[in-house]
Amino acid sequence: MGAYLYLAKMKLMAFLTYRFEVITSLGTNLIILMASVFLWKTAYSGTDAISGVTESQMLTYTIISVLLSSFFSSNIEHSLQERIAQGNIALDFLKPINLIFAYLSEDIGISMSSVVSKLIPVLIISALFVQVPLPGSWLSFLVFLISSMLSYLILWLISALIAVLCFWTVQLGELKTVKDGIILLISGKIIPIRMFPKWMQKVLSFMPFQYVYQTPLSIYINRITRQEIAFSLFIQAIWVLFLSLALIMLWNKARKHVFIQGG
């Protein structure tokens, strides 16, 4: 455990030293935030609620979504692709650590650095210039934290599954971009799934994507019942288990097909 905590700590410190990257990333998040706020203010012009969500709730939803996206960082696709392309992955397998946990620890370190460099500044600016994004209740906030941790694991596991494909393709190409686009469009990150057509909501309910953003955000603004919360948390846990098993199986298969490219 100490080795993984050390990896997380080192990654946190490393990312905080890159000030230009921190500033540009923070600026990007602020642009996305303000663009989304103006979009929803225009959409709510002349109406009190859309799909049962008030303007105030929607603005809170938007702010928390941006905060979550700044925390939900994952670098495993880049890291694993680089190790494979350079031919260093074979040496990594000889290390006395679990590589999957090592990559997860590093990404947690990156996420923790984002709390200081992006999440807190965006929260302060949102509170000053938009509104204070208060949760529906303190109980909602506590459950939101649990749901967010499960969401993070779901997103990280999806990223890890894509990263493992590097063992066969060496380069991911546009796969990461496609994954990010899917998350952006059908996870509830920008537009709540409840505003989608009913048939699309049913289709998306069988996929893990809406449990990345839609579930914790809906809990935060108190837009789902306690029964729905319990069911959603259960489904999130099931997806974490399923994706974990899929990653372990694919990882073990990949180890048997390791080849060196450029090393």
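# Reading helices and their packing in a predicted model

Analyst: In this predicted model, helix H9 (residues 175-186) has 12 residues, which at 1.5 Å a residue should span 16 Å, and its end C-alpha atoms do lie 16 Å apart, so the two values agree. Just after H9, Gly 188 adopts a positive phi of about 85°.

User: Where in the protein is the confidence lowest, and where is it highest?

Analyst: Where pLDDT is low, the predicted coordinates should not be read in detail. Here the protein averages a pLDDT of 85, with 89% of the residues scoring at least 70. Confidence is lowest in helix H1 (residues 2-17), where the mean is 58, and highest in helix H11 (residues 214-220), where it reaches 96. Over residues 259-263 the pLDDT falls below 50, although this stretch has 15 contacts in the model beyond near neighbours in sequence.

User: How should I read the packing of helix H3 against helix H6, and which residues make the contact?

Analyst: Two packed helices are described by the angle between their axes and the distance between the axes. For helix H3 (residues 55-71) and helix H6 (residues 99-129), the axes come within 8 Å and cross at roughly 160°. Because angles over 145 degrees count as roughly antiparallel, H3 is roughly antiparallel to H6, and H3 passes H6 in a right-handed crossing. On the H3 side the contact is made by Ile 63, Val 66, Leu 67, Ser 70 and Phe 71, while the residues from H6 include Met 112, Val 115, Lys 118, Leu 119 and Val 122. By class, the contact of H3 with H6 divides into 9 nonpolar, 4 polar and 1 charged residues.

User: Helix H7 packs with H4 and with H12; are these pairs roughly parallel or roughly antiparallel?

Analyst: Angles under 35 degrees count as roughly parallel. Helix H4 (residues 76-85) and H7 pack at about 20° with their axes 8 Å apart, and H4 and H7 are therefore roughly parallel to each other. H4 passes H7 in a right-handed crossing. Ile 76, Glu 77 and Leu 80 of H4 meet Trp 156, Ser 159, Ala 160, Ala 163 and Val 164 of H7, a contact that divides into 6 nonpolar, 1 polar and 1 charged residues.

Turning to the other partner, helix H7 (residues 138-164) and helix H12 (residues 226-255) pack at an angle of about 25°, with 9 Å between their axes, and H7 and H12 are therefore also roughly parallel to each other. H7 passes H12 in a left-handed crossing, and the contact of H7 with H12 has 22 nonpolar, 4 polar and 1 charged residues.

Notes
Residues numbered from 1 in each chain as written. Predicted model: local features only at pLDDT ≥ 70, side-chain atom pairs only at ≥ 80, totals over all residues. Heavy atoms only, no water. pLDDT = per-residue confidence, 0-100. Helix = DSSP H or I, 4+ residues; strand = E, 2+ residues; numbered from the N terminus. Contact = heavy atoms within 4.5 Å. Axes fitted to C-alpha atoms, helices over the stretch in contact; angles between N-to-C directions. Parallel < 35°, antiparallel > 145°, perpendicular 65-115°, else oblique. Left-handed = near helix turned anticlockwise from the far one by under 90°. Nonpolar A, V, L, I, M, F, W, Y, C, P; charged D, E, K, R; others polar. Expected span 1.5 Å × (residues − 1).
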